[in-house]
Amino acid sequence: MAGREVEMPCAPPRSLYIQRQVPAPTTARRIAGHCFAMRARLLDRMITRIYDEAMRPHGLRSTQMTLLVGISLAEPARPGDLALWFEMDKSTMSRNVARLVEAGWVTTCATDGRGHALSVTDDGRALLEEIRPAWEGAQRQVKTLLGAELVEGLRSLPLDVPT
């Protein structure tokens, strides 16, 4: 209809997304209630927040902490191998490695001409020891959040995590 303006509804306030006035469609309710991906993402954000808060006083984010641990376990570690292991894209890996190098917790060294390897510095090893109490506190919080049964379920998942 030429010349006639159609009034488009505005997006509802954020609070309505959480507590809808109008019932959600059946498919959306089913997905929201049963989707493993949706629940895993929400759980990931909750757990990440706990570890980020615990690591903040030490100048770390949880992603950097896990990367520092991974480098320590795989020394000398190639960034590409770590990206595969952590299922991280290479640009995210590079950005996080750069932050660890800049902070002096990780160093790079040339390899056989096909790139570089990463090693944890003495300062990085000291940081790992320093964060241990904060990490243990975060572990306790997550165990409380998840409950013993879910914690054991997560531990039993066949993930390729070296120990």
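What follows is a friendly exchange about how some labels on this predicted model were reached.

User: What is the overall layout of the chain along the sequence?

Analyst: Reading along the sequence gives α-α-α-α-α-α-β-β-α-α. That pattern comprises eight helices and two strands.

User: Why are helices H4 and H7 called oblique to each other?

Analyst: Helix H4 (residues 62-74) and helix H7 (residues 122-146) pack at an angle of about 130 degrees. Roughly perpendicular covers 65 to 115 degrees, and roughly antiparallel needs an angle over 145. The H4-H7 angle fits neither range, so the pair counts as oblique. Their axes lie 11 Å apart, and H4 passes H7 in a left-handed crossing.

User: Which residues make that contact between H4 and H7?

Analyst: On the H4 side they are Met65, Leu68, Val69 and Ser72. H7 contributes Gly124, Arg125, Leu127, Leu128, Ile131 and Trp135.

User: Gly124 is in that contact, so where does glycine 124 sit relative to alanine 103?

Analyst: Their C-alpha atoms are separated by 8.9 Å, with the two positions 21 residues apart along the chain count. Alanine 103 belongs to helix H6 (residues 90-103).

User: What makes alanine 103 partly exposed?

Analyst: Its relative accessibility is 36%. Buried requires a value under 20% and exposed a value over 50%. Alanine 103 falls in between, and therefore counts as partly exposed.

User: What about the cysteines: why do cysteine 35 and cysteine 109 get the label partly exposed?

Analyst: Cysteine 35 has 24% relative accessibility, and cysteine 109 has 35%. Each value lies between the 20% and 50% cut-offs, so both cysteines count as partly exposed.

User: How many disulfides does the structure hold?

Analyst: There are zero. A disulfide would need a pair of cysteine sulfur atoms within 2.5 Å, so no pair here meets that cut-off.

User: How do you know that strands S1 and S2 pair?

Analyst: Pairing needs at least two bridges. Strand S1 (residues 106-110) and S2 have five bridges in the antiparallel sense, so they qualify. One of the bridge partnerships joins cysteine 109 to alanine 117 in S2.

User: What makes strand S2 mostly covered?

Analyst: S2 spans residues 116-120, and four of its five residues are buried. Across the chain, buried residues make up 26% of the 163 residues.

User: How much of the contact set links residues 24 or more positions apart?

Analyst: Such pairs account for 56% of the chain's contacts with a separation of 6 or more.

Definitions and conventions. Residues numbered from 1 in each chain as written. Predicted model: local features only at pLDDT ≥ 70, side-chain atom pairs only at ≥ 80, totals over all residues. Heavy atoms only, no water. Buried < 20%, exposed > 50% of the residue type's maximum accessible area, 1.4 Å probe, protein only. Axes fitted to C-alpha atoms, helices over the stretch in contact; angles between N-to-C directions. Parallel < 35°, antiparallel > 145°, perpendicular 65-115°, else oblique. Left-handed = near helix turned anticlockwise from the far one by under 90°. Contact = heavy atoms within 4.5 Å.
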